[in-house]
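Work through the exercises below with the sequence and the model side by side. Try each task before you read its solution.

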Amino acid sequence: MKSFSEKVYDIVRKIPKRKVLTYKEVAKSAGNEKASRAVGNILNKNFDSAIPCHRVVRSDGKLGGYNKGIEAKIKILKKEGYKC
């Protein structure tokens, strides 16, 4: 059985370019709708470039954090064609 972290990584890995999911959507898809903060903590520890954690944003429309800095998140999202 997969851990919650493994489920989160699997979900985020499948987010296509130009698309984003919210932390809450990822948490719900991973099996715990109320674990959006846990999703953020899990993704903050991710340094695997195959897992595009920059494609996860806050429910209020703000971009949220990124372990390489918010400027890097904005730059990557814009490069991929997402309107920030």
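Helices (H or I, at least four residues) and strands (E, at least two) are DSSP runs, numbered from the N terminus. This is a predicted model: local features need pLDDT of at least 70, side-chain atom pairs count only at pLDDT 80 or more, and totals for chains, interfaces and linings use all residues. Residues are numbered from 1 along each chain as its sequence is written, and side-chain values use heavy atoms, with hydrogens and water left out.

**Exercise 1. The whole chain**

Task: State how many helices and strands the protein chain has, and in what order its elements run.

Solution.
Step 1. Count the elements. The protein chain has four helices and two strands.
Step 2. Read from the N terminus on. The order is α-β-α-α-β-α.
Step 3. Check the overall size. The C-alpha atoms fill a box of roughly 35 × 25 × 20 Å along the principal axes.
Step 4. Apply the globule rule. The radius of gyration is taken over C-alpha atoms, and the rule is 2.2 Å times the number of residues to the power 0.38. For 84 residues, a compact globule would have a radius near 12 Å; the protein chain has 12 Å, which agrees.
Step 5. Look at burial. Buried means under 20% relative accessible area, exposed over 50%, and partly exposed in between (1.4 Å probe, protein chains only). Of the 84 residues, 32% count as buried.
Step 6. Look at contacts. Contact means heavy atoms within 4.5 Å. Take the contacts between residues at least 6 apart in sequence: 51% of these join residues at least 24 apart.

**Exercise 2. Two helices that meet**

Task: Describe how helix H1 (residues 4-13) and helix H3 (residues 36-44) cross.

Solution.
Step 1. Choose the descriptors. Two packed helices are described by the angle between their axes and the distance between the axes.
Step 2. Define the axes. They are lines fitted to C-alpha atoms, for helices over the stretch in contact, and angles run from 0 to 180 degrees between N-to-C directions.
Step 3. Read the values. The axes of H1 and H3 come within 10 Å and cross at roughly 80°.
Step 4. Classify the angle. Under 35 degrees counts as roughly parallel, over 145 as roughly antiparallel, 65 to 115 as roughly perpendicular, and the rest as oblique. H1 and H3 are therefore roughly perpendicular to each other.
Step 5. List the partners. H1 brings Phe 4, Ser 5, Val 8, Tyr 9 and Val 12, while H3 brings Ala 38, Val 39, Ile 42 and Leu 43.
Step 6. Sort them. Ala, Val, Leu, Ile, Met, Phe, Trp, Tyr, Cys and Pro count as nonpolar, Asp, Glu, Lys and Arg as charged, and the others, Gly among them, as polar. The residues of this contact divide into eight nonpolar, one polar and no charged.

**Exercise 3. Inside and outside of H1**

Task: Name the buried residues of H1, then compare the surroundings of Ile 11 and Arg 13.

Solution.
Step 1. List the buried residues. In H1 they are Val 8, Asp 10, Ile 11 and Val 12.
Step 2. Find their cover. It includes strand S1, helix H2 (23-29), H3 and strand S2 (56-57).
Step 3. Take Ile 11. At 17% relative accessibility, Ile 11 counts as buried. Residues up to four places away in sequence are not counted; Ile 11 then touches Leu 21, Val 26, Ser 29 and Ala 30.
Step 4. Take Arg 13. At 40%, Arg 13 counts as partly exposed. Beyond its neighbours within four places in sequence, Arg 13 is in contact with Ala 50, Ile 51 and Pro 52.
Step 5. Look for a polar contact. This is a pair of N or O atoms within 3.5 Å; within protein, one must be able to donate a hydrogen and the other to accept it, and residues adjacent in sequence count only if both atoms are side-chain atoms. The side chains of Arg 13 and Asp 10 make one, at 2.9 Å.

**Exercise 4. The end of the chain**

Task: Is Glu 80 buried or exposed, and which residue's side chain does its own side chain join in a polar contact?

Solution.
Step 1. Locate Glu 80. It is in the segment after helix H4 (70-79).
Step 2. Check its accessibility. Glu 80 is buried, with a relative accessible area of 13%.
Step 3. Find the partner. A polar contact of 2.8 Å joins the side chains of Glu 80 and Arg 55.
Step 4. Move on to Lys 83. Lys 83 is also in the segment after H4, and at 78% it counts as exposed.
Step 5. Compare sequence and space. Lys 83 and Arg 18 are 65 residues apart in sequence and 8.2 Å apart in space, C-alpha to C-alpha.
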